[in-house]
Amino acid sequence: MVVASVGSTMDLAREVDPGTFVVALEQTAGRGRRGRPWFDGGGGVAATAVLEFEGEASLLPIRAGVATATAVEPWLGALTGLK
């Protein structure tokens, strides 16, 4: 699912089925860890993957980030990074 602008990709992700990848070209009210405000800086994309997961939950965030970065690099034509 791709949208031009959204308050937070996480808020939109709560409304969709598992297996959906939510992408926004602009995120206006993002939140980081512990609810801290997060600004996407403009010119990029914000994304949230909606997953069902069984296994070692502590490794899920880094595995999901690496998998996402690897998947989008060819599409973007540029190197990606994790923050």
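In which segment is Leu82 found? In this predicted model, Leu82 is found in the segment after α2. Leu82 also belongs to a nonpolar patch on the surface, which it forms with Leu59, Ile62 and Val66. Together, these four residues have about 350 Å² of accessible area.

Leu82 recurs in the description of the largest pocket, whose volume is about 1,700 Å³. The lining of this pocket comprises 37 residues, and those closest to the pocket centre are Trp38, Ala47, Thr48, Leu82 and Lys83. By residue class, the lining divides into 21 nonpolar, eleven polar and five charged residues. Both helices and strands contribute to the lining: α1 (9–13), β2 (21–27), β3 (30–31), β5 (46–49) and α2 (60–76) supply at least two residues each. The contribution of α2 is the most, at ten residues.

Helix α2 also holds Glu73. The relative accessible area of Glu73 is 27%, a value that lies between the 20% and 50% cut-offs, so this residue is classed as partly exposed. Glu73 was compared in position with Arg36. The two residues are separated by 37 residues in sequence, and their C-alpha atoms are 27 Å apart in space.

Charged side chains were next examined for pairing. A search of the whole structure finds one salt bridge. The partners are Arg14 and Asp11, and their closest N and O atoms are 3.0 Å apart. This distance falls within the 4 Å limit for a salt bridge, and the pair is therefore counted as one. The two partners differ in exposure class. Arg14 has a relative accessibility of 58% and counts as exposed, whereas Asp11, with a relative accessible area of 34%, is partly exposed.

A further arginine, Arg34, is placed in the loop between β3 and β4 (37–38). Its relative accessibility is 78%; because this is over 50%, Arg34 counts as exposed. Relative to the start of the chain, Arg34 is 33 residues from Met1 in sequence, with a C-alpha to C-alpha distance of 26 Å.

Val6 has another exposure class. This residue lies in strand β1, which spans residues 2–6. The relative accessible area of Val6 is 16%, and since this is under 20%, Val6 is classed as buried. Val6 and Leu25 are 19 residues apart in sequence, while the distance between their C-alpha atoms is 8.4 Å.

Taken by exposure class, the residues described include Val6 as buried, Asp11 as partly exposed, Glu73 as partly exposed, Arg14 as exposed and Arg34 as exposed. Leu82 appears both in the nonpolar surface patch and among the residues closest to the centre of the largest pocket.

Key: Residues are numbered from 1 along each chain as its sequence is written. This is a predicted model: local features need pLDDT of at least 70, side-chain atom pairs count only at pLDDT 80 or more; totals for chains, interfaces and linings use all residues. Side-chain values use heavy atoms; hydrogens and water are left out. Buried means under 20% relative accessible area, exposed over 50%, partly exposed in between (1.4 Å probe, protein chains only). On a 1 Å grid over the protein atoms alone, a cavity is a set of points where a 1.4 Å probe fits but cannot get out, and a pocket is an open set with protein on both sides within 12 Å along at least five of seven lines; lining residues have an atom within 4 Å of a point. Grid points are joined across faces, edges and corners, and a volume is the space filled by probe spheres set on the points. Helices (H or I, at least four residues) and strands (E, at least two) are DSSP runs, numbered from the N terminus. Ala, Val, Leu, Ile, Met, Phe, Trp, Tyr, Cys and Pro count as nonpolar, Asp, Glu, Lys and Arg as charged, and the others, Gly among them, as polar. Patches are made of residues with over 30% relative accessible area and no salt bridge: like charges are joined within 9 Å, nonpolar side chains (Val, Leu, Ile, Met, Phe, Trp, Tyr) within 5 Å. Accessible areas come from the Shrake-Rupley method with a 1.4 Å probe; for residues, only the protein chains shown count as cover.
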